[in-house]
Amino acid sequence: MTTYNLTSRLNHWIAAPLFIAMLGFGFYLAYGGAPMPEKLPMIANHKAMGVLLLGFGLWRVGYRIKQGFALPVASLPSWQEAASRASHVILLASILLMPLSGLIMALFSGFPTDVFGLFTIPAIDKVDTVSGAARMAHKYIAYAFVLTLGVHVAAAIKHHIIDKDGTLVRMLKGLPTP
Ligand code: HEM
Ligand code: HEM
């Protein structure tokens, strides 16, 4: 496969702002200093959006697994090709592991998760060790996600401005590589 089709490009560009926004939202909840009673509806929104994003993430990652990755636009040193593949795999894993760890945290928190009044996911039980472990996972996977994203975006800009190859343009317009 030499390029990304329209479905792949839509998947990429719909997921990108949504997951970046959810990371920002989560870090705001954790470190923004919002006081507790006011914070509760924000946490409820974060959980509901996260559950919906799990659905979208399953589709997005499943589609990539079925289609495979496009070949690099230009021939790259082998370390760069390996780094690119590894970072894409970490990003795809994060798309699933972030909402999954959040959901496990919620399932064992003792509180139900209401998804915008559409449906409610009841808690299985209140088990602090499980919800605590899922919370740690949610936190450290988020850090890994952000670090990988930083490299990912820097690499996209480098390909476009320094290497002047079609990597970014192909993800935007899907033009086949020459
Ligand atoms: C605004 C920021 C972003 C830019 C400029 C950007 C740019 C790109 C480009 C140019 C590619 C193609 C790489 C290639 O052909 O080898 C790509 C692929 C990819 N990007 Fe991003 N990206 C951004 C944000 C994100 C975010 C937030 C995620 C995760 C939620 C993500 C996940 C991926 C994945 C998994 C791939 C591999 C192909 C695919 O499955 O879509 N990207 N990105
Ligand atoms: C798209 C998926 C998601 C992303 C990117 C995301 C991101 C984050 C981030 C970055 C944090 C802060 C972590 C920290 O440093 O402590 C956080 C906190 C949290 N997330 Fe998520 N999350 C997602 C999905 C979910 C889901 C599905 C749930 C539950 C159903 C959830 C529940 C929570 C809770 C309860 C907190 C703690 C809030 C607080 O500190 O008071 N998240 N999330």
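**Figure 1. Polar contacts and surroundings of ligand 1.** In this predicted model, a nitrogen atom of ligand 1 is placed 2.8 Å from an N or O atom in the side chain of His12. A nitrogen atom of ligand 1 also lies 2.7 Å from a side-chain N or O atom of His152, and an oxygen atom of the ligand is 2.8 Å from an N or O atom in the side chain of Arg170. Such polar contacts are pairs of N or O atoms within 3.5 Å; within protein, one atom must be able to donate a hydrogen and the other to accept it, and residues adjacent in sequence count only if both atoms are side-chain atoms. There are 22 residues around ligand 1, of which His12, Arg60, Arg64, His152 and Arg170 come nearest; a residue is counted if one of its heavy atoms lies within 4 Å of the ligand. H1, H2, H3, H4 and H5 each contribute at least two residues to this shell. Helices (H or I, at least four residues) and strands (E, at least two) are DSSP runs numbered from the N terminus. By class, the shell of ligand 1 holds 15 nonpolar, 4 polar and 3 charged residues. Here Ala, Val, Leu, Ile, Met, Phe, Trp, Tyr, Cys and Pro count as nonpolar, Asp, Glu, Lys and Arg as charged, and the others, Gly among them, as polar.

Conventions for all views: residues are numbered from 1 along each chain as its sequence is written, with chains lettered from A and ligands numbered from 1 in the order in which they are written. Local features need pLDDT of at least 70, side-chain atom pairs count only at pLDDT 80 or more, and totals for chains, interfaces and linings use all residues, while side-chain values use heavy atoms, with hydrogens and water left out.

**Figure 2. The iron site of ligand 2.** His46 (NE2) and His138 (NE2) coordinate the iron atom of ligand 2 at 2.0 to 2.1 Å. His46 belongs to helix H2 and His138 to helix H4, so the pair ties together parts that are 92 residues apart in sequence. Donors are N, O and S atoms within 2.8 Å of the metal (3.2 Å for Na, K and Ca); water is not among the atoms, so sites may look incomplete. The iron site is octahedral, with angles of 85 to 179° among its 6 donor atoms; six donors count as octahedral if opposite donors are over 155 degrees apart and all others between 65 and 115. Both His46 and His138 are buried, that is, under 20% relative accessible area (1.4 Å probe, protein chains only).

**Figure 3. The shell around ligand 2.** Tyr31, Lys39, His46, Arg135 and His138 come nearest among the 26 residues around ligand 2. Oxygen atoms of the ligand take part in contacts of 2.7 Å to an N or O atom in the side chain of Tyr31 and of 2.8 Å to one in the side chain of Arg135. Helices H1 (6-31), H2 (36-67), H3 (78-107) and H4 (128-161) each supply at least two residues of the shell, and the largest share, 8 residues, comes from H1. The shell comprises 17 nonpolar, 5 polar and 4 charged residues.

**Figure 4. Positive phi values at Phe116 and Lys164.** Phe116, a residue other than glycine, has a positive phi near 50° and lies in the loop between strand E1 (113-115) and strand E2 (119-121). Phe116 is partly exposed, with a relative accessible area of 40%. Lys164, likewise not a glycine, has a positive phi of about 50° and is found in the loop between H4 and helix H5 (167-173). Lys164 is exposed, at a relative accessible area of 66%; exposed means over 50%, and partly exposed lies between the buried and exposed limits.

Conventions:
Tetrahedral: all angles 85-135°; square planar, octahedral: opposite > 155°, others 65-115°.
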